[in-house]
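Grab a pencil and open the viewer. Below are some exercises to work through by eye before reading the solutions.

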Amino acid sequence: MTETRGVWHLLLGNLTYNALPFYSAIAAFAAGLVVVGAISVFVLITWLGKWRYLWTEWFTSVDHKRIGVMYIIIAFIMMSRALIEAVLMRVQQAVAINSPGFLPPDHFGQLFSTHGTIMIFFMAMPFLTGLINYVMPLQIGARDVKFPLLNSISLWLTGGGAGLMMVSLVLGKFSTGGWSGYPPYTGIEFSPGVGPDYWIWAVSLSSIGTTLTGLNFATTIYKGRAPGMTLMRMPLFCWTSLCTSILMIFAMPPLTVATALLALDRYLGMHFFTNGMGGNMMNYANLFWLFGHPEVYILILPAFGVYSEVISAFSSKRLYGYTSLVCATMAIAILSFTVWLHHFFTMGQSANINAAFGIATMTIGVPTGVKVYDWLLTMFRGRVRFTPPMLFSLAFIVSFVIGGMTGIILATPPLDYMVHNTVFLVAHFHNMLIPGLLYGMIAGYQYWFPKAFGFRLNETWGRIAFGCWVVGFYLAFMPLYVLGAEGMPRRSQEVFDTAYRPWLLIAMIGAFILLAGLVSLFIQLRVSIRQRDSNRVFAGDPWDGRGLEWSVSAPPPEYNFAAIPTVTSRDTFAGQKERGQAYHPPKTYQDIEMPKNSAAGVVIGISGAACAFGLVWHIWWMSILGLILIWGTVIVRSFVRDIYKVIPAADVARTEARWLNHVANVRPVPRELETTLANKGLAESVA
Amino acid sequence: MSDRPRAHVLRWVLAFVAAVAAAAWLMAEPHELAPVRAAATGRAEHRRERRSYIIGFVFAVLLTCAAFAIVAWRLMAPGTALAIVFALGLLQIIAHFRFFLHIDLRKSAREDLQLILFSSLITLLMVGGTLVILFNLRHRMM
Amino acid sequence: MSANEVIHAGLNLGATDPKTHEEAGSAIFGFWVFLMTDAVLFALLFANYGVLLSGTAGGPGPAAEFKLSSAFIETLLLLTSSFNFGMASLAMKHGSQPRLLQVWLLTTLLLGAGFLGMELHDFATMLSDGAAPSRSGFLSAFFALVSTHGLHVFAGCIWIIVMMVQIAVFGTDARVKINVLRLGLFWHFLDIIWVAIFSVVYLQGLIR
């Protein structure tokens, strides 16, 4: 008997039957959903015979456009899960007033931990990475990012991490230490289970992917711009992408260090963060927030870039104050590394240190304010069109300013002492993330969707989604400001003050409306796909856009541009349209060399996830095998010489001719008709 | 500030200033040690580059020996010794950048310099911030 | 004409191979960015070491465990290997035959392996003394910092072996050259980190 148990232990580590979530009906139901969902997807793809298509066109693609779309798909899937988790928590808090509710503390702890971890690492990061991936190379006049294979590897590492999060629903329990995972609570002594290990490795997979992405984007923007596109001629979305990637490069290593040291504590009994034996647990908070603060700027800067693009496009006006916007973006990027202590004002350092960081924190409000004024002035005297992306941008401006002001409250140490770790804080950061990050991502998704897929999204459902997201946000989070000021702690599985009840009920209703907002987006997608033939915008410029991404067909050809454009000013495409130089074919067509597809990304991502899973359950052979596969793939790949394919000039000519022919035969639309069926993707020239 | 801490801080400041000055000399001096040819022909360039590695190696060995000697033979008081050791280390790192990595302030690509300077700034903020904060916490816990 | 321009960190191929020199621009910049992320990672491990330096928890401290002589020899080994890699880079840039390049790479590898061997021996001695990483916060921090560097050197050694195989198979084509340039940056960078390590860890620990 001992031998058999020994063999099983070697094979499966700590994984036993008890890992299955039969201790709770809700947990079992969720696990069942995951398993049934995964199996259904497999069966559906097999039944439709689409594996080959998916493998060759999507999974092994190193095309930034495909990779961008896949990132956003991951984001939407994970957002669905995390939003449902949020609703569960809101319902629990609304009913568990002087009563235990329906979620025991341990389960509630897992919920707020997965909610935060997923929303940050597997919703927000993939969403913004996907948007930047898709749009930025087109905007700088490049054919792809500088390291396409690395791009694919980053995607699959992120996907692997997301997969690990989903597996944690089925096998074992997740961490109950929140998305920040503070030891000693998450150390081996107080959390001996697999939870924090799931958290550590899922986050590590994501953060390695992000570091490589930041490297990729920064190199692309520095070295891959079209001739004549100086940095000061780049669209603002590219500036925010550059600053975001710089933040990614420098902010991810502290997270890697923090989680690695925590892992060493847990796996090898070391004493970085233990309570005694020379450990210093406060250093964890320091390291984590060295990452955590720049991280939130990673989240918000791309959204700021989207707003700059959207507000300018739908005000039919050049962006106001380009230089000040660039300076503000850079200032925000640099300042974001000087404020991290405001996340732990109450940890015990002196008032002088708190004051210094408090002042630095308030300083960041200034460049953000500059941006808000620049956006307002862009709209001023413009011809504003209230399309869904613009509606989201307007809601952002109002809501984000409110959130920013509560940020100033929190930046004041004595005030923070009152509301630290209350739901006031929860309200503040959701106030920044939802109207700030998420509205920006949704706006960007709706703005660039026609470019990516060749047809517009349904306007009506876009407005319904907008209504739900805005009303839902206010109902869900404004009460939390009141509750936080009244002293309600965050992460509470049960509350003991009946005065909280009305506010918690409102918040719960808000959560459901937010869920309706997400559902509306899915309905919008389904309706739009059904109506796609009437909404096609193949000519490529449905919004009378100003940047180079609008100067190609929708969807763009694989190589983006038949001939790399030469840039002479900002808002290149707008300038070309004004001068009547748009849609001119190049003098000659050349062969175009593009990178071939590669399975390396898929293998590395899946191996990474397998390695992580092995580490969680102490299945050492799996982890070792995973590592060998990862490094083996890298080495083997370096021996592959045949990594490019050539698209012959004749094919390029044919593709371009087909598109230009279409452009010549299609009727341009004025802005009044841009949301009607008349919009075929060609704008009336202003000249 | 009383006398002892002031002397202590002064020592560090002097060491740092000396290191930075030497570094600036290393980076900016137009090859007194390895003359530039106007047209870098293959042979001359080869010789120049080999010179660079040899000079860098010799520098590094000397700086290393100096640092180890200070500690091994206890040549000065502990506080001063530490300051000098760190300064020698900083100098050697800069010598590595200059002679092995061929990074000097005049000729390098703009983006590389921006990257190094920005990385140095971030590193300083993170490491300096960490030490200040954690030492402050320790002090308040004593 | 950018053939003679310095367009990236490290040795530039320049006029000896203008096409590869051009291609190298982004590849080397990207690798340089990666090295900066690694630099921040090490910087934080150093900061962590500084924070936990006094956390000896009654166990062995630096003076008890660090040996000046072995640190000195390890330093010379790594420094010489760095110099050797410089010679390898020159052989690749200016030489027509890969043989000299292979010889220099081999000597670099041997010196690097020597460094690792000595380091492992030091660790073994410490472990047998009871100075294990699980003994105290100070020792955890020491092992984390120095082992991370050691792992990087190990990865570098594997990379050298792979490059030697690639040079044998492909000769010095563009991709091989760019890879050797990147490996060079990596190897010199590791020596820079070691300078910081011997200063901050060994020398600081042994000053009396």
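The exercises below deal with a predicted model, and each one comes with a worked solution.

**Exercise 1. Work out how chain B is built and where its confidence is lowest and highest.**

Start with the elements: chain B has 4 helices and 0 strands, so from the N terminus you read α-α-α-α. Next, check the confidence. The mean pLDDT of chain B is 82, with 81% of its residues at 70 or more. Going helix by helix, α1 (residues 3-28) of chain B is the low point at a mean of 69, while α3 (residues 78-100) of chain B is the high point at 94. Watch out for residues 29-39 of chain B, where the pLDDT is below 50; this stretch still has 14 contacts in the model beyond near neighbours in sequence. Finally, look at packing: 45% of the 142 residues of chain B count as buried. Take the contacts in chain B between residues at least 6 apart in sequence, and 66% of them join residues at least 24 apart.

**Exercise 2. Find the largest nonpolar core and name the residues with the most contacts inside it.**

The core in question has 314 residues, and W469(A) and W32(C) have the most contacts inside it. Chain B joins in too: domain 1 (5-108) and domain 2 (109-142) of chain B each supply at least three residues. Now zoom in on W32(C). Skipping residues up to four places away in sequence, W32(C) touches F97(B), L101(B), I103(B), D112(B), L115(B) and I116(B) from chain B, plus A9(C) and L185(C) from chain C. Apart from the 314-residue core lies another core of 7 residues, including W659(A) and L660(A).

**Exercise 3. How do helices α12 and α15 of chain A lie relative to each other: roughly parallel or roughly antiparallel?**

First, get the geometry. The axes of α12 (residues 388-411) and α15 (residues 459-485) of chain A come within 10 Å and cross at roughly 10°. The cut-off for roughly parallel is under 35 degrees, so α12(A) is roughly parallel to α15(A). Then look at who meets whom: the α12(A) side includes P388(A), L391(A), F392(A) and I402(A), and the α15(A) side includes E459(A), F466(A), W469(A) and F473(A).

**Exercise 4. Is E459(A) buried or exposed?**

Begin with its place: E459(A) is in helix α15 of chain A. Its relative accessible area is 15%, and buried means under 20%, so E459(A) is buried. Its contacts, leaving aside neighbours within four places in sequence, are T387(A), P388(A), W543(A) and T675(A).

**Exercise 5. Track down the backbone oddities in the loops.**

Cis peptide bonds come up twice here.

- P183(A) and P184(A) are joined by one, with omega about 0°; P184(A) is in the loop between α6 (148-170) and α7 (195-223) of chain A.
- A554(A) and P555(A) are joined by another, with omega about -5°; P555(A) is in the loop between α16 (501-530) and α17 (572-578) of chain A.

Now for positive phi outside glycine.

- H618(A) has phi near 60°. H618(A) is in the loop between α18 (600-617) and α19 (620-639) of chain A, and counts as partly exposed at 27% relative accessibility.
- R74(B) has phi of about 45°. R74(B) lies in the loop between α2 (42-72) and α3 of chain B, and its 52% relative accessibility makes R74(B) exposed.

Terms used: Residues numbered from 1 in each chain as written. Chains lettered and ligands numbered in written order. Predicted model: local features only at pLDDT ≥ 70, side-chain atom pairs only at ≥ 80, totals over all residues. Heavy atoms only, no water. pLDDT = per-residue confidence, 0-100. Helix = DSSP H or I, 4+ residues; strand = E, 2+ residues; numbered from the N terminus. Contact = heavy atoms within 4.5 Å. Core = buried A, V, L, I, M, F, W, Y, C linked by side-chain atoms within 4.5 Å. Buried < 20%, exposed > 50% of the residue type's maximum accessible area, 1.4 Å probe, protein only. Domains from an automatic or database assignment. Axes fitted to C-alpha atoms, helices over the stretch in contact; angles between N-to-C directions. Parallel < 35°, antiparallel > 145°, perpendicular 65-115°, else oblique.
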